[in-house]
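This report describes the salt bridges, pockets and selected backbone features of a single protein chain. The sequence and the structure are shown first, and the description follows.

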Amino acid sequence: MFTTRSSGGLRAALTLLILALVAVLAACGNSSSDTADAGPREVPSAKGPIQVPADPQRIVVLNGNLAGYLYDLDATVVAADPRLLGVPNKPGEFPTGWAEDAKTQGTQAVPSGESINLEFIAAQRPDLIIGGGQGYPGQQSVNAYDQLSAIAPTVLMPTETTYWQDQLRFIAETVDKPANVDTLISNYQAKLTDAKAKINAPAGATMVMQSIKSQKPTVFVPTAALPALLAEVGFTLDTQVEAKAGNPAKEQSADFISFSPELINTVINAPVLFTIPLSGGRSLAELRADPMYATLPSFTANTVFELPATSSRPDYRTVMATLELLVERFK
(Lines give C-alpha, C1' and ligand atoms only; values in the text may rest on other atoms or scores of the structure.)
Protein backbone atom coordinates (compact mmCIF):
# COMPACT_ATOMS: atom_id res chain seq x y z
CA MET A 1 0.00 0.00 0.00
CA PHE A 2 1.28 3.43 -0.97
CA THR A 3 1.54 6.06 1.65
CA THR A 4 0.66 9.70 1.03
CA ARG A 5 4.33 10.52 1.03
CA SER A 6 5.22 7.80 -1.46
CA SER A 7 2.35 8.65 -3.80
CA GLY A 8 3.40 12.32 -3.70
CA GLY A 9 6.92 11.30 -4.69
CA LEU A 10 5.55 9.18 -7.51
CA ARG A 11 3.51 12.10 -8.86
CA ALA A 12 6.58 14.32 -8.73
CA ALA A 13 8.62 11.71 -10.59
CA LEU A 14 5.92 11.31 -13.24
CA THR A 15 5.74 15.08 -13.66
CA LEU A 16 9.50 15.27 -14.20
CA LEU A 17 9.30 12.39 -16.70
CA ILE A 18 6.53 14.15 -18.67
CA LEU A 19 8.47 17.43 -18.72
CA ALA A 20 11.55 15.56 -19.95
CA LEU A 21 9.55 13.90 -22.74
CA VAL A 22 8.10 17.29 -23.77
CA ALA A 23 11.60 18.75 -23.91
CA VAL A 24 12.82 15.86 -26.06
CA LEU A 25 9.89 16.20 -28.44
CA ALA A 26 10.42 19.94 -28.67
CA ALA A 27 14.06 19.40 -29.48
CA CYS A 28 13.12 16.89 -32.15
CA GLY A 29 10.64 19.36 -33.59
CA ASN A 30 13.28 22.07 -33.72
CA SER A 31 15.78 19.80 -35.44
CA SER A 32 13.28 18.86 -38.14
CA SER A 33 11.97 22.34 -38.92
CA ASP A 34 13.62 25.37 -37.31
CA THR A 35 17.13 24.03 -37.71
CA ALA A 36 16.45 23.06 -41.32
CA ASP A 37 15.01 26.51 -42.04
CA ALA A 38 18.07 28.18 -40.52
CA GLY A 39 20.53 26.19 -42.62
CA PRO A 40 22.01 27.30 -45.94
CA ARG A 41 20.01 26.97 -49.14
CA GLU A 42 21.18 26.09 -52.64
CA VAL A 43 20.23 28.63 -55.31
CA PRO A 44 21.07 28.98 -59.02
CA SER A 45 23.83 31.29 -60.19
CA ALA A 46 25.66 32.03 -63.44
CA LYS A 47 28.60 30.09 -61.96
CA GLY A 48 26.42 27.14 -60.99
CA PRO A 49 24.42 26.33 -57.85
CA ILE A 50 25.70 27.96 -54.67
CA GLN A 51 24.96 27.72 -50.95
CA VAL A 52 23.58 30.95 -49.45
CA PRO A 53 22.22 31.90 -46.00
CA ALA A 54 18.59 31.06 -45.33
CA ASP A 55 17.82 34.63 -44.28
CA PRO A 56 20.60 37.01 -45.40
CA GLN A 57 20.75 40.20 -43.35
CA ARG A 58 23.77 42.00 -44.85
CA ILE A 59 23.44 41.99 -48.63
CA VAL A 60 25.84 43.79 -50.95
CA VAL A 61 24.55 44.23 -54.52
CA LEU A 62 27.11 45.09 -57.18
CA ASN A 63 24.81 46.05 -60.05
CA GLY A 64 22.51 49.04 -59.62
CA ASN A 65 20.09 47.53 -62.13
CA LEU A 66 19.37 44.74 -59.63
CA ALA A 67 19.18 46.75 -56.41
CA GLY A 68 15.58 47.92 -56.84
CA TYR A 69 14.30 44.34 -56.70
CA LEU A 70 15.84 43.85 -53.25
CA TYR A 71 13.99 46.86 -51.88
CA ASP A 72 10.78 45.68 -53.56
CA LEU A 73 11.21 42.37 -51.75
CA ASP A 74 11.95 44.01 -48.36
CA ALA A 75 15.47 42.59 -48.26
CA THR A 76 18.22 44.26 -46.23
CA VAL A 77 20.85 45.97 -48.39
CA VAL A 78 23.95 47.22 -46.57
CA ALA A 79 25.70 48.44 -49.73
CA ALA A 80 24.80 48.86 -53.40
CA ASP A 81 26.54 49.95 -56.57
CA PRO A 82 24.66 53.12 -57.60
CA ARG A 83 25.40 52.84 -61.33
CA LEU A 84 22.60 52.16 -63.83
CA LEU A 85 23.16 51.33 -67.48
CA GLY A 86 23.41 54.55 -69.44
CA VAL A 87 22.08 56.73 -66.61
CA PRO A 88 24.42 59.56 -65.54
CA ASN A 89 24.76 60.16 -61.81
CA LYS A 90 27.21 61.81 -59.46
CA PRO A 91 29.69 59.62 -57.54
CA GLY A 92 27.97 58.07 -54.54
CA GLU A 93 24.53 59.31 -55.64
CA PHE A 94 21.81 56.66 -55.78
CA PRO A 95 19.28 56.52 -58.66
CA THR A 96 16.05 58.38 -57.93
CA GLY A 97 14.05 55.15 -58.34
CA TRP A 98 15.36 53.69 -55.07
CA ALA A 99 17.35 56.49 -53.42
CA GLU A 100 14.72 56.91 -50.70
CA ASP A 101 14.80 53.19 -49.90
CA ALA A 102 18.58 53.31 -49.66
CA LYS A 103 18.37 56.27 -47.27
CA THR A 104 15.78 54.51 -45.09
CA GLN A 105 17.90 51.36 -44.81
CA GLY A 106 21.18 53.23 -44.43
CA THR A 107 22.57 51.56 -47.55
CA GLN A 108 26.14 52.58 -48.37
CA ALA A 109 27.19 53.39 -51.94
CA VAL A 110 29.81 50.99 -53.32
CA PRO A 111 32.67 53.15 -54.65
CA SER A 112 32.81 53.12 -58.46
CA GLY A 113 36.07 52.64 -60.33
CA GLU A 114 37.95 50.63 -62.91
CA SER A 115 37.90 47.65 -60.57
CA ILE A 116 35.76 46.54 -57.63
CA ASN A 117 36.73 47.94 -54.23
CA LEU A 118 37.17 44.63 -52.41
CA GLU A 119 38.30 46.26 -49.17
CA PHE A 120 35.12 48.32 -48.97
CA ILE A 121 32.95 45.27 -49.65
CA ALA A 122 34.75 43.18 -47.03
CA ALA A 123 34.34 46.02 -44.50
CA GLN A 124 30.54 45.74 -44.89
CA ARG A 125 30.71 42.19 -43.45
CA PRO A 126 28.24 40.86 -46.05
CA ASP A 127 26.59 37.50 -45.63
CA LEU A 128 25.56 37.55 -49.31
CA ILE A 129 26.87 39.30 -52.42
CA ILE A 130 24.75 39.65 -55.56
CA GLY A 131 26.29 40.68 -58.88
CA GLY A 132 26.34 39.84 -62.56
CA GLY A 133 23.57 40.90 -64.92
CA GLN A 134 23.99 43.31 -67.80
CA GLY A 135 26.34 46.26 -68.05
CA TYR A 136 29.85 47.16 -66.93
CA PRO A 137 29.26 46.90 -63.14
CA GLY A 138 27.83 43.42 -63.65
CA GLN A 139 30.89 42.40 -65.65
CA GLN A 140 33.18 43.75 -62.96
CA SER A 141 31.62 41.40 -60.42
CA VAL A 142 32.03 38.51 -62.84
CA ASN A 143 35.72 39.37 -63.25
CA ALA A 144 36.24 39.54 -59.47
CA TYR A 145 34.12 36.48 -58.67
CA ASP A 146 36.87 34.46 -56.96
CA GLN A 147 37.87 37.35 -54.68
CA LEU A 148 34.24 38.16 -53.88
CA SER A 149 33.48 34.51 -53.07
CA ALA A 150 36.31 34.58 -50.53
CA ILE A 151 34.44 37.38 -48.73
CA ALA A 152 30.90 35.91 -48.78
CA PRO A 153 28.67 33.63 -50.89
CA THR A 154 28.39 35.38 -54.26
CA VAL A 155 25.45 34.87 -56.63
CA LEU A 156 25.70 36.13 -60.21
CA MET A 157 22.65 36.98 -62.31
CA PRO A 158 23.06 35.39 -65.78
CA THR A 159 23.51 38.10 -68.42
CA GLU A 160 20.87 36.46 -70.62
CA THR A 161 18.22 37.03 -67.92
CA THR A 162 16.96 40.31 -69.39
CA TYR A 163 13.23 40.56 -68.66
CA TRP A 164 12.43 42.19 -65.35
CA GLN A 165 9.96 39.47 -64.31
CA ASP A 166 12.68 36.81 -64.63
CA GLN A 167 15.19 39.02 -62.81
CA LEU A 168 12.70 39.59 -59.99
CA ARG A 169 12.08 35.86 -59.61
CA PHE A 170 15.82 35.16 -59.62
CA ILE A 171 16.50 37.71 -56.89
CA ALA A 172 13.49 36.53 -54.85
CA GLU A 173 14.79 32.95 -54.94
CA THR A 174 18.27 34.12 -53.99
CA VAL A 175 17.07 35.93 -50.86
CA ASP A 176 14.17 33.54 -50.17
CA LYS A 177 11.48 36.22 -50.29
CA PRO A 178 8.86 34.93 -52.73
CA ALA A 179 5.87 36.51 -50.99
CA ASN A 180 5.89 39.80 -52.91
CA VAL A 181 6.58 38.41 -56.38
CA ASP A 182 3.02 37.51 -57.39
CA THR A 183 1.71 40.81 -56.04
CA LEU A 184 4.24 42.86 -58.00
CA ILE A 185 3.59 40.98 -61.23
CA SER A 186 -0.19 41.25 -60.71
CA ASN A 187 0.20 45.01 -60.20
CA TYR A 188 2.13 45.20 -63.46
CA GLN A 189 -0.45 43.14 -65.37
CA ALA A 190 -3.23 45.42 -64.16
CA LYS A 191 -1.29 48.53 -65.19
CA LEU A 192 -0.42 46.95 -68.54
CA THR A 193 -4.09 46.15 -69.26
CA ASP A 194 -5.04 49.71 -68.39
CA ALA A 195 -2.26 51.11 -70.61
CA LYS A 196 -3.32 48.95 -73.57
CA ALA A 197 -6.83 50.35 -73.34
CA LYS A 198 -5.59 53.95 -73.31
CA ILE A 199 -2.65 53.96 -75.74
CA ASN A 200 -3.29 54.83 -79.36
CA ALA A 201 -0.05 53.68 -81.01
CA PRO A 202 1.02 55.30 -84.31
CA ALA A 203 0.63 53.14 -87.41
CA GLY A 204 3.66 51.48 -88.95
CA ALA A 205 6.68 49.51 -87.84
CA THR A 206 8.50 50.72 -84.72
CA MET A 207 12.11 50.43 -83.61
CA VAL A 208 14.14 51.67 -80.64
CA MET A 209 17.52 53.38 -81.00
CA GLN A 210 20.11 54.03 -78.31
CA SER A 211 22.05 57.27 -78.60
CA ILE A 212 25.47 56.49 -77.14
CA LYS A 213 28.59 58.50 -76.41
CA SER A 214 30.54 57.13 -79.40
CA GLN A 215 27.65 58.15 -81.70
CA LYS A 216 27.84 54.76 -83.39
CA PRO A 217 24.33 53.82 -84.60
CA THR A 218 22.88 51.31 -82.14
CA VAL A 219 19.37 49.82 -82.08
CA PHE A 220 17.64 47.30 -79.85
CA VAL A 221 16.74 43.93 -81.31
CA PRO A 222 12.96 43.27 -81.30
CA THR A 223 13.23 40.75 -78.45
CA ALA A 224 14.85 43.26 -76.06
CA ALA A 225 12.88 44.29 -72.98
CA LEU A 226 11.74 47.74 -74.13
CA PRO A 227 10.65 46.75 -77.68
CA ALA A 228 8.80 43.79 -76.15
CA LEU A 229 6.97 46.17 -73.81
CA LEU A 230 6.04 48.45 -76.74
CA ALA A 231 4.62 45.46 -78.60
CA GLU A 232 2.52 44.54 -75.57
CA VAL A 233 0.81 47.93 -75.54
CA GLY A 234 0.04 47.97 -79.25
CA PHE A 235 3.09 49.08 -81.22
CA THR A 236 4.09 47.03 -84.29
CA LEU A 237 7.77 46.15 -84.14
CA ASP A 238 10.19 46.25 -87.05
CA THR A 239 11.35 42.64 -86.99
CA GLN A 240 13.88 43.08 -89.81
CA VAL A 241 16.33 45.26 -87.88
CA GLU A 242 19.17 42.74 -87.79
CA ALA A 243 18.66 41.60 -91.39
CA LYS A 244 18.75 45.20 -92.67
CA ALA A 245 22.01 45.75 -90.79
CA GLY A 246 23.56 42.67 -92.37
CA ASN A 247 23.16 40.52 -89.26
CA PRO A 248 26.17 41.98 -87.46
CA ALA A 249 27.93 39.88 -84.84
CA LYS A 250 26.97 40.55 -81.23
CA GLU A 251 27.48 39.01 -77.84
CA GLN A 252 25.02 36.20 -77.13
CA SER A 253 23.52 38.12 -74.22
CA ALA A 254 23.48 41.51 -76.00
CA ASP A 255 20.04 43.05 -76.64
CA PHE A 256 21.23 45.51 -79.30
CA ILE A 257 23.24 45.71 -82.50
CA SER A 258 25.62 48.37 -83.77
CA PHE A 259 26.45 49.09 -87.40
CA SER A 260 28.22 51.49 -89.73
CA PRO A 261 26.81 55.03 -90.10
CA GLU A 262 26.54 54.39 -93.84
CA LEU A 263 23.66 52.01 -93.09
CA ILE A 264 21.55 54.46 -91.07
CA ASN A 265 19.11 55.14 -93.93
CA THR A 266 18.80 51.41 -94.62
CA VAL A 267 18.36 50.22 -91.04
CA ILE A 268 16.57 53.08 -89.24
CA ASN A 269 13.84 53.50 -91.85
CA ALA A 270 10.88 52.50 -89.70
CA PRO A 271 7.95 54.96 -89.70
CA VAL A 272 8.03 55.14 -85.89
CA LEU A 273 11.19 55.53 -83.82
CA PHE A 274 11.99 55.77 -80.11
CA THR A 275 15.34 57.20 -79.03
CA ILE A 276 17.03 56.53 -75.71
CA PRO A 277 19.83 58.97 -74.83
CA LEU A 278 22.32 57.06 -72.71
CA SER A 279 25.10 58.71 -70.72
CA GLY A 280 27.08 60.90 -73.11
CA GLY A 281 24.65 60.32 -75.98
CA ARG A 282 22.68 62.94 -77.89
CA SER A 283 19.18 64.10 -77.05
CA LEU A 284 16.37 64.00 -79.58
CA ALA A 285 16.81 67.74 -80.22
CA GLU A 286 20.50 67.17 -80.98
CA LEU A 287 19.70 64.28 -83.31
CA ARG A 288 17.22 66.47 -85.19
CA ALA A 289 20.08 68.89 -85.93
CA ASP A 290 22.14 66.11 -87.53
CA PRO A 291 21.41 65.90 -91.32
CA MET A 292 22.10 62.17 -91.21
CA TYR A 293 19.06 61.66 -88.96
CA ALA A 294 16.91 64.63 -89.96
CA THR A 295 15.95 63.00 -93.28
CA LEU A 296 14.85 59.68 -91.80
CA PRO A 297 11.12 58.83 -92.26
CA SER A 298 10.33 59.08 -88.54
CA PHE A 299 12.01 62.48 -88.27
CA THR A 300 10.34 63.97 -91.33
CA ALA A 301 6.93 62.65 -90.20
CA ASN A 302 7.52 63.81 -86.62
CA THR A 303 6.91 60.29 -85.32
CA VAL A 304 10.13 60.03 -83.34
CA PHE A 305 9.86 60.02 -79.55
CA GLU A 306 12.32 60.13 -76.67
CA LEU A 307 12.25 57.98 -73.55
CA PRO A 308 14.63 58.25 -70.56
CA ALA A 309 17.61 55.96 -70.19
CA THR A 310 15.91 54.22 -67.26
CA SER A 311 13.31 52.84 -69.70
CA SER A 312 15.86 51.00 -71.80
CA ARG A 313 16.24 47.95 -69.56
CA PRO A 314 13.51 48.43 -66.96
CA ASP A 315 13.11 46.81 -63.58
CA TYR A 316 9.72 46.66 -61.85
CA ARG A 317 9.71 50.30 -60.81
CA THR A 318 10.89 51.72 -64.12
CA VAL A 319 8.59 49.53 -66.22
CA MET A 320 5.65 50.95 -64.26
CA ALA A 321 6.96 54.49 -64.81
CA THR A 322 7.52 53.78 -68.52
CA LEU A 323 3.92 52.63 -68.92
CA GLU A 324 2.79 55.92 -67.40
CA LEU A 325 4.99 57.87 -69.84
CA LEU A 326 3.58 55.96 -72.81
CA VAL A 327 -0.01 56.50 -71.70
CA GLU A 328 0.63 60.21 -71.22
CA ARG A 329 2.18 60.56 -74.68
CA PHE A 330 -0.12 58.32 -76.74
CA LYS A 331 -3.52 58.46 -75.00
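Eleven salt bridges are counted in this predicted model. As a general principle, side chains of opposite charge can pair when their charged atoms come close. Three of the pairs are set out below, with the separation of nitrogen and oxygen.

| Salt bridge | N to O distance |
|---|---|
| R317 and D72 | 2.7 Å |
| D81 and R83 | 2.7 Å |
| R317 and D101 | 2.6 Å |

R317 pairs with D72, their closest N and O atoms being 2.7 Å apart. Because R317 belongs to helix α16 (residues 316-330) and D72 to helix α3 (residues 64-72), this pair ties together parts of the chain that are 245 residues apart in sequence. D72 has a relative accessible area of 11% and is therefore buried. R317, with a relative accessibility of 23%, is classed as partly exposed.

R317 also meets the side chain of D101 in a salt bridge, at 2.6 Å from N to O. Here the partner of helix α16 is helix α4 (residues 99-105), which holds D101, so the bridge ties together parts 216 residues apart in sequence. D101 is partly exposed, its relative accessibility being 23%. Which residues are linked with R317 in a network of salt bridges? They are D72 and D101.

Is D81, which pairs with R83 at 2.7 Å, buried or exposed? D81 is buried, with 3% relative accessible area. R83 has a relative accessibility of 17% and therefore also counts as buried, since the limit for that class is under 20%.

**Overall architecture**

The protein chain contains 16 helices and 13 strands. Its length is 331 residues, and 44% of them count as buried. Among contacts between residues at least 6 apart in sequence, 70% join residues that are at least 24 apart. The accessible surface of the chain amounts to about 16300 Å², and carbon and sulfur atoms account for 55% of that area.

**Pockets**

Rolling a probe the size of a water molecule over the atoms shows where empty space is left. The largest pocket holds about 710 Å³ of space. Its lining consists of 32 residues, and those nearest the centre of the pocket are L85, Q134, G135, Y136 and P137. Helix α6 (136-143) and strand β7 (154-157) each contribute at least two residues to this lining. Which element supplies the largest share of the lining of the largest pocket? That element is α6, with four residues. By residue class, the lining of the largest pocket comprises 15 nonpolar, twelve polar and five charged residues.

The second largest pocket encloses about 420 Å³. It is lined by 26 residues, of which L84, P95, G97, T310 and T318 lie closest to its centre. Helices α3 and α16 each provide at least two residues of the lining of the second largest pocket. The largest share, five residues, is drawn from α16. In composition, the lining of the second largest pocket is made up of twelve nonpolar, ten polar and four charged residues.

The elements α3 and α16 thus appear in two parts of this account. They each supply at least two lining residues to the second largest pocket, and they carry D72 and R317 respectively, so the salt bridge between these residues ties the two helices together.

**Backbone features**

Two residues are noted for their backbone angles. D74, although it is not a glycine, has a positive phi of about 60°. D74 is located in the loop between α3 and β4 (77-80). At 55% relative accessibility, D74 counts as exposed, the limit for that class being over 50%.

N302 is likewise a residue other than glycine with a positive phi, here near 60°. Its position is in the loop that runs between α15 (297-300) and β13 (304-306).

Note on methods:
Residues are numbered from 1 along each chain as its sequence is written. This is a predicted model: local features need pLDDT of at least 70, side-chain atom pairs count only at pLDDT 80 or more; totals for chains, interfaces and linings use all residues. Side-chain values use heavy atoms; hydrogens and water are left out. A salt bridge is a side-chain nitrogen of Lys or Arg within 4 Å of a carboxyl oxygen of Asp or Glu. Buried means under 20% relative accessible area, exposed over 50%, partly exposed in between (1.4 Å probe, protein chains only). Contact means heavy atoms within 4.5 Å. Accessible areas come from the Shrake-Rupley method with a 1.4 Å probe; for residues, only the protein chains shown count as cover. On a 1 Å grid over the protein atoms alone, a cavity is a set of points where a 1.4 Å probe fits but cannot get out, and a pocket is an open set with protein on both sides within 12 Å along at least five of seven lines; lining residues have an atom within 4 Å of a point. Grid points are joined across faces, edges and corners, and a volume is the space filled by probe spheres set on the points. Ala, Val, Leu, Ile, Met, Phe, Trp, Tyr, Cys and Pro count as nonpolar, Asp, Glu, Lys and Arg as charged, and the others, Gly among them, as polar.
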